[in-house]
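Visitor: I'd like to learn how to read a model like this one, feature by feature. Could you walk me through it?

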Protein chains: 2
Amino acid sequence: MKRLEERIRKDGKVLPGDILKIDSFLNHQVDVKLMDEIGEEFYRLFQDKKPDKILTIESSGIAIASATSRCFGYVPIVYAKKTVAANMAKEVYEAKEHSYTRNIEYTVQVAREFLSEGERILILDDFLANGEAMNALISICDQAKAKVVGCGSVVCKTYQPGEQRIKDLGYDVEVLARVKHMDDEGNIEFE
Amino acid sequence: MKRLEERIRKDGKVLPGDILKIDSFLNHQVDVKLMDEIGEEFYRLFQDKKPDKILTIESSGIAIASATSRCFGYVPIVYAKKTVAANMAKEVYEAKEHSYTRNIEYTVQVAREFLSEGERILILDDFLANGEAMNALISICDQAKAKVVGCGSVVCKTYQPGEQRIKDLGYDVEVLARVKHMDDEGNIEFE
């Protein structure tokens, strides 16, 4: 997605530890017009999958999923909640996610009532690096016997294993901006 | 807002401890069409305030603020981040928020670069109960010397002090659904 790549090149910041910070338009301050364009692109890529729901994860997935829902005729979105405490409540599906950025293990939860057997689920998230968050969301869908019809990520670092891991599990993965290299001088290259 | 009140009456759940749970359409599963209607209503109420930005708080404010941004010609949204740890970073404005629902004190943070002196800020949130979250967002705007031009909440319990507290500080407060009474049988009455 050209406009997204241009924006990342212009406003993205490369921080020590191979971190790409795009919080001026995606995950702290949000450019909602860009989110709408992202939603249209995910719709173009996944329209034949006919999802019943979009599943994402708080907080940075919410604006993306909202914009995409609108393009899919307002299918409901569900955002998984992250908690550091692991309270094994009966009424939730849950999975672990290890965040490499923060070096924390999260428990990711979705209330059982919001995922049903046989539902067609489109999973969307902002970043796909090692695939931990995406994997947690897939696990939650499996527990609910819901069907994952596609996995979309706004940004992916192609030199990290996440995208291939999810594809190896047999899922259809689409990424809007594929970073193949970045360095401490702030240069960001796309595939 | 009639359609919102009907939805709360139909799908809201009253939990022990005077908690109104509306997570089937607002803060876990999200009805994006309803969010768009909420955005239009906030636009109607605040259009003469001409905000430069919308400030909200993760996670449940994000879908609301996104929908409202669109009506205001895509003004940027900024969502404050909540953290339990108080890391006094220099590059953020921060304020404390005590959550009565969870009995936790949060530190609410906004990166300094995303709020500027003189900017006209519309603050939006999902719930206004004791006004703790709204107060924290106002404090952050004050630190940035930004001008709060209005405060909007989707739901408010009118028997709790939040709304009056914020009005007493001199702010223009608008609420879309005003709960005046609810009980353990699940009855919810609006003003």
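Visitor: Let's start with a single residue. Leaving aside its neighbours within four places in sequence, which residues is A:I121 in contact with?

Guide: A contact list shows what the fold brings together. This is a predicted model, and in it A:I121 touches A:P51, A:K53, A:L55, A:C141, A:A146, A:K147, A:V148 and A:V149, once neighbours within four places in sequence are set aside. Take A:A146 from that list: A:I121 and A:A146 are 25 residues apart in sequence, and their C-alpha atoms are 6.8 Å apart in space. A:I121 itself is found in strand β8 (residues 120-128) of chain A.

Visitor: Is A:I121 buried or exposed?

Guide: Count C-beta atoms around it; 20 or more others within 10 Å means buried. A:I121 has 25 other C-beta atoms within 10 Å, so it is buried.

Visitor: How much should I trust the coordinates before going further?

Guide: Where pLDDT is low, the predicted coordinates should not be read in detail. Chain A averages a pLDDT of 94, and 96% of the residues score at least 70. For the complex, the predictor gives an ipTM of 0.94 and a pTM of 0.95.

Visitor: Now a strand. Which way do the residues of β4(B) point?

Guide: In a regular strand the side chains alternate between the two faces of the sheet. Here B:K53, B:L55 and B:I57 point one way from β4(B), B:I54 and B:T56 point the other way, and all are buried. With five of its five residues buried, β4(B) is largely enclosed by the rest of the structure.

Visitor: And which strands does β4(B) pair with?

Guide: Look for the bridges, then the direction. β4(B), residues 53-57, is joined to β5(B) by four bridges, and the two run parallel. On that side, B:I57 has B:A80 as its bridge partner in β5(B). The chain gets from β4(B) to β5(B) through helix α3 (residues 61-71) of chain B, a right-handed β-α-β crossover. β4(B) is also joined to strand β8 (residues 120-128) of chain B by three bridges, again parallel. B:I54 ties the picture together: its bridge partner in β8(B) is B:L122, and B:I54 stands opposite B:I77 in β5(B).

Visitor: Why is β5(B) largely enclosed by the rest of the structure?

Guide: Five of the seven residues of β5(B), residues 77-83, are buried, so the strand is largely enclosed. Besides β4(B), look at β7(B), residues 104-111: three bridges join it to β5(B), and these two run antiparallel. One place to see that is B:T83, whose bridge partner in β7(B) is B:T107.

Visitor: Does the pairing stop at the chain boundary, or cross it?

Guide: Check the chain letters of the bridge partners. Strand β3 (residues 29-30) of chain A pairs with β5(B) in the antiparallel sense over two bridges. There, the bridge partner of A:V30 is B:I77.

Visitor: What about the whole contact surface between the chains?

Guide: Start with the counts, then ask which elements supply them. 23 residues of chain B are in contact with 23 residues of chain A. On the chain B side, the elements giving two or more residues are β3 (29-30), α2 (32-46), α3 and β5. The largest share, five residues, comes from α3(B). By character, the chain B side divides into 12 nonpolar, five polar and six charged residues.

Visitor: How are the two copies related?

Guide: Superpose one on the other and read the operation. Chain B can be laid on chain A with an RMSD of 0.0 Å by a turn of 180° and a shift of 0.0 Å along the axis. That is the relation of a two-fold axis. In chain B, the C-alpha nearest that axis belongs to B:S59, 2.7 Å away. The copies meet through the same surface, because 100% of the interface residues of chain B are also interface residues in chain A.

Visitor: One last element: how many residues of helix α3 of chain A are buried?

Guide: 10 of the 11 residues of α3(A) are buried, so the helix is largely enclosed by the rest of the structure. The buried residues include A:I62, A:I64 and A:R70. Just after the helix, glance at A:G73, which takes a positive phi of about 65°.

Technical notes. Residues numbered from 1 in each chain as written. Chains lettered and ligands numbered in written order. Predicted model: local features only at pLDDT ≥ 70, side-chain atom pairs only at ≥ 80, totals over all residues. Buried ≥ 20, exposed ≤ 12 C-beta atoms within 10 Å, placed from the backbone. Pairing = 2+ DSSP bridges. Right-handed = clockwise from strand over helix to strand, strands pointing away. Least-squares fit on C-alpha atoms with pLDDT ≥ 70 in both. Contact = placed C-beta atoms within 7 Å. Nonpolar A, V, L, I, M, F, W, Y, C, P; charged D, E, K, R; others polar. pLDDT = per-residue confidence, 0-100.
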